[in-house]
Each structure stands twice: as C-alpha cells, then as structure tokens.
Amino acid sequence: MPRSPYAAPACPSTAALTALPVTAVTLGDGFWGHRQELNTRAIIPHAVGWMEKLGWVDNFRDAAGDARYEHRGAQFADSEIHKLIEAISWDAARGRNDNDEILDRLLSALAGAQDPDGYLHTLFGRPWQQPRFSDLQWGHELYCFGHLIQAAVAHHRATGSDRFLAIARRVADHVCVMFGDDGMNRICGHPEIEPALVELFRETGDERYLRQAKLFVDRRGTGTLGLHEFGTAYWQDDMPVRAATVLRGHAVRALYLAAGAVDVAVETGDDELLDVLREQWDNTVARRTYITGGMGSHHMDEAFGDDFVLPPDRSYCETCAGIASIMFSWRLLLATGEAKYADLIERTLYNVVATAPSDEGTAFFYANTLHQRTEHGSPALSDEGVAIRGGAAGRQAWFVVSCCPPNLARTLASLGSYLATASGSAVQIHQFASATIEAGGARIEMTTAYPDDGRVTITATGDASVALRVPAWAEGATLTSGGETAAVAAGGYTDPVPLADGESLVLDLPLEVRVTHPDERIDAIRGTVAIERGPEVYALESVDLPGDLAFEDLRLTGEARWDGDTVTVRASAAPRREGAWPYDSAAAAAPASGERDVRLVRYHGWARRGPSRMRVWIPTA
C-alpha cells in the first residue's frame, strides 16, 4: 500500500488551511534542524534504551504470557513506547531510517500482546492482573489506546504498511463496542483517546471512530469519574466541555481534551463547539499562561491555577503541557487561519520545547520553572537511578513518570509539518527556519538565521504564492518584493505574494530588545519586568553575575540592550534589611550599590553550564 498523502500528525478533512505532510518540509541547518537531528541521533535511542533497561518493553512479553517477565513501571508505561513508535515513524517518512531496527523490535513486542477481541494494555485483563476497565480514574487504559492509535496512524502515513494500523483498528473497534451507545457510559481519567479516534477516522473513513470520539467529548463533565481530592475539575469532569469558558484542572489532560474536541467540532461541522473552544483558548492565554507559553502553575496536581495565579517560582509548565498546547493551537490555526495561534506555538516552541532537552539529548526537564531560587541539584532517585518526580532539579536522564521525553521525540520528529500550510494556490509560512517546502507544485526555499537574525528570505522554484506570518511583537516589520519595500502589520499574515520561478521576497522582523511588564493582577510578579527579543524570553542566571552582586539583591536600573551576542542589562544591588524579623513599618534606607552590566541568557539556554540559580522576572529598582 502506498504512503498516505496526509503524512502529518493532524489532517482535518475540512479546514481554512491544509496541513502539509512531513515529507513536504525538509529542515536545513539552523535552530530547529539541529534539534531534529539531535532527536534522531540521540533522544530516541536514549529513550528506548531506558525503557528496555527498566523492563517497560518486556511488559508486552509479560502480557503475551511469557512467565519470564512481570509488569514494571507505571500504568501508563505502554504509552511511552507508543509515542516513540510515532517519533520513529515520522523520521522514516522523512527518509531517516536510523532507528528502523528499534521500530521493528517494538512493533513485534506490541503485536504479541493483543488479545483476540482487540484489547491491548499490559497491566489489566489477564488472570494475574486487575480486571479491564476496573480503574477508569487512574488506569489510563484509554489514554494508552489513544497514543497507540496516533502512533499507528503515523506509521501508516509514513510507510504505507498496515502492520500497525490493523492492530490499532482492532483496539478502536473494541473501544467502540465497550464504550459505545450500548456500552459503558464511562470516560477515561486522562483524555487522549479523543483526538486519536478522530485521526483514525480521517485515515480510514470509518465514521464509528468519529462518533465514539464525540461520545467521549459529550460525556465529559457528567460526573462518571467520581470524586477527587483536587476536585473533579482535575480530570475535566466538573462540567461539560460546552459549558466551560477556560481550561482548568490538570493541564495536560485539559489540553489533550481541548485538542480532541476541536477535531470533533471540525469533522462534525459543529461551529458552536468550535466557538466554545476558541473562547477557552482566549481566556486561558489571557489569564493562565506564562510568558514562556508554559501552562500549569500547580505542582501538587500539575494543574492550571485560578486566573492570574502565575507564580514564577512555582511554575510547573510541564513539557507535555507545552506540547499539548501546541496540539490545541495547531488545530485552531488550521480551522481558522488566525495568526495568534501560530504566535503561541512559536513562543512555546522556543521557550518550552527547546528548553527541555540537554545539549546531548540525554537529559530532560519535566517541569520548566521560571525562577530557580537555589542552585539546582540532584532530585531523589530510585534504586535504578531514575528521578522519582519531575521537578525543577536540573535536566534528568529519565523519570519514573517519563511522559515528556517521548512526547518531545514525536514533536521534534514531526516538526516540519508545523512550519507551513496551503490554502488554494497559496502557501502560508507560520514558523521561520531554514527549510525547503514543496507545495502547490512549487519548491520554496526559506533561508534564515532566525531567531538570531530577523531576516527571512523566500525563493521560489516554479510559480508560487506565499503569505508570511508577522508575529504580534514585530512592530516595524517590512516586506521586500520586486524591488519594493513596504511596512507590514504585526499580528497577522502578509497578503499572498505571487512569485515566478527564481523570484524572492524578504521579510525583515525587528529584533529589538523588549522590556515586558506583567499584568498588575499577577500578584507574584508585580514590580518586576521580563526581557524578550524576538520569540525568545531571556533570564538572569547566577553564573553570569559579578562576584560581589548577590542573586537575590539584583535590581534592574537601566536599559536592556543587545550586544551582538546576548542581552545585557544595567543593574545594581538593592538595599538589604538584616534582622531577626523580615518585616518593618519603614522601608529599607540603605542606598543601592553602583550600577554595572549584567548579561542575560536565553531562557532555553539556562542550566547548561552547571548548577545555577535563575529568574525570568527581574525586580526593578
């Protein structure tokens, strides 16, 4: 069977913009090309190595009845293997076969564990295990099915092989029997099955999968999951999707559900539901999102806080939540064509996704704090050397809950599909990177040193029509075409520019340093500012401080400027109150010490030079 022409993670059958397959976009040297190569060469093999070492791959052999093995890892360990299969599949679609042997080994282990009725989860259902679907709150069975189905669709789109798709269809058929109109009126504690079922419908044309996804979305909020110590909003079961005006509860759960609900709305023509989800996105971005694009301000429940509860030192901003946010925004971008969704994707890519992996691709942030008060050290480790919890203790090789590294792997592997779309005869450029894009019968070369440099050059081979996103921060941007240069408005797209074979256009984005002030309602950062340049947030890292300037005393006193390499700010030491009681009726009277220059680091570059302290929001004098 030939490869599907829709070789991308999300391919709506009807939308304002048409997703391009990963095969249509080849990343060149540069910021994202380097990271995609790192993913193939290091991140994927590293992740597989840990899952084999910890016995998670052997769980499928245990489920197949091999008495030499017993289940190890969390109830959602299956899903990490599914995500890695998806990542390797997208690599294969791009012609990278570095990890084909790993892919074959994982698929063989997985196939042997499927029950005759299609059920495929390694922790439930055998005589020596708990019954199937006996713990829908925490069992993650449908969650794991969702990642399996998404991986199988990716594998089919990448290779044309039915090997994995046939397994996934049997899983989905089982779900439709067990949870359909005549089955259990239940949902999973962790959304994820919803977008997977819609994508399987798109790949196969079988409307049962779309109907089942809609059932799951409509059932959410009817109280089938019961009570939770953090409230039923934790798993979005407190109110129907259509009744909510903002995302709440566990951030990854909320964002996966929102992405699946957009898929359902688009495929069923439900404009009312789509409008609800657009409102949820608007309110969440306006009130519950960090400057980095990160989402989730509670560590205990990995959840959204109330409006404007965005403490930098308690920011959770799980890497998976950043990826789920991109999934949600991407679907809304395809549905509406509005640039604000691409703006948030860009912010999240540079300040969450790019922050997570180490330079070597063998260690990762799980959470992405905006303020590290003490030098990050080593967290508690299991006997096997695995971080017990993903906090802000530096990048770690692996976690007991390791959802983030495989999620990162599948995102980087498919990253090219987020760069551009098509609509009619026009191509829209959403993200800037050196790349070759094939669309509409033309070949488009995008050349840029972005985000270090704001110039983006587009050259066509064959006739093309190209529109480019102008980020909301890019006031003063210009577009040069046919020898004429004109200003273009920020926060939207340029008009499509027709290019004949060999012609070019140039977008120049101003990369002045921006001093950003928070909304006064965010109590935790009142009286501070953040520094941005282009899509990148900057941070103060303790390793860059002069020896006589204490990290906690620094106050900005002057301009922030680009020095040709990074951002430098003028700062001084604030007066310090010493005493047995940290409160007084009078302000500290001592004068601030003299000003000096202090260099900042790109936020995604922090914690790469050893233990350090860090803050994004810096107090002003």
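Biologist: Asp-237 is buried yet has no salt bridge. Which side chain of opposite charge is nearest to Asp-237?

Modeller: Buried means under 20% relative accessible area, exposed means over 50%, and partly exposed is in between (1.4 Å probe, protein chains only). A salt bridge needs a side-chain nitrogen of Lys or Arg within 4 Å of a carboxyl oxygen of Asp or Glu; Lys and Arg count as positive, Asp and Glu as negative, while His and the chain ends are not counted. For Asp-237, the nearest opposite charge is 5.6 Å away, and it belongs to Arg-220.

Biologist: Hang on, what sort of model is this, and what pLDDT do local features need?

Modeller: Residues are numbered from 1 along each chain as its sequence is written, and side-chain values use heavy atoms, with hydrogens and water left out. It's a predicted model, where totals for chains, interfaces and linings use all residues, side-chain atom pairs count only at pLDDT 80 or more, and local features need a pLDDT of at least 70.

Biologist: Back to Asp-237, then. Which residue has its backbone nitrogen 3.0 Å from a polar atom of the Asp-237 side chain?

Modeller: Asp-237 is in the loop between α8 (207-219) and α9; helices (H or I, at least four residues) and strands (E, at least two) are DSSP runs, numbered from the N terminus. We're after polar contacts: N or O atoms within 3.5 Å, where within protein one can donate a hydrogen and the other accept it, and residues adjacent in sequence count only if both atoms are side-chain atoms. The Asp-237 side chain reaches the backbone nitrogen of Gly-223 at 3.3 Å. The backbone nitrogen at 3.0 Å is that of Leu-225.

Biologist: Thr-566 uses its side chain too. Which residue's backbone oxygen does the Thr-566 side chain reach?

Modeller: Thr-566 sits in the loop between β18 and β19, and its relative accessible area of 5% makes it buried. Beyond residues up to four places away in sequence, Thr-566 touches Tyr-538, Arg-561, Arg-599, Leu-600 and Val-601, where contact means heavy atoms within 4.5 Å. The backbone oxygen, at 2.6 Å, is that of Leu-600.

Biologist: Now the rings! Why do Trp-330 and Tyr-418 count as edge-to-face?

Modeller: The whole structure holds 21 aromatic pairs. Rings of Phe, Tyr and Trp (its six-membered ring) pair if their centres lie within 6.5 Å; planes under 30 degrees apart are stacked, over 60 edge-to-face, and the rest tilted. Trp-330 and Tyr-418 have ring centres 5.0 Å apart, and the pair is edge-to-face because the planes meet at 70°.

Biologist: How many residues apart in sequence are the parts that this pair ties together?

Modeller: Trp-330 is in helix α11 (residues 319-336), while Tyr-418 is in the loop between α13 (404-413) and β4 (420-423). Trp-330 is buried at 2% relative accessible area, and Tyr-418 is buried at 8%. In sequence, the parts they tie together are apart by 88 residues.

Biologist: And at what angle are the ring planes of Phe-432 and Tyr-450?

Modeller: Both Phe-432 and Tyr-450 are buried. Ring pairs link these two with Phe-31, Trp-32 and Tyr-350 into a cluster. The ring centres of Phe-432 and Tyr-450 are 5.3 Å apart, and the pair is edge-to-face because the planes are at 80°.

Biologist: Which residue has its charged end over the ring of Phe-31?

Modeller: A charge sits over a ring if NZ of Lys or CZ of Arg is within 6 Å of the ring centre and within 35 degrees of the ring normal. Elsewhere, Arg-533 lies over the face of Trp-562, at 3.6 Å from the ring centre. Over Phe-31, at 3.7 Å from the ring centre, sits Arg-35.

Biologist: Let's do salt bridges. Which residue forms one with Asp-263?

Modeller: A search of the whole structure finds 59 salt bridges. In this one, the closest N and O atoms are 3.2 Å apart, and both partners are buried. The partner of Asp-263 is Arg-202.

Biologist: Which helix holds Arg-202?

Modeller: Asp-263 is in helix α9 (residues 251-268), and its partner is 61 residues away. Arg-202 lies in helix α7.

Biologist: One last pair: which residue meets Glu-552 in a salt bridge?

Modeller: Glu-552 counts as partly exposed because its relative accessibility is 37%. Its partner is partly exposed too, at 41%. The side chains meet at 3.2 Å, N to O, and the partner is Arg-576.
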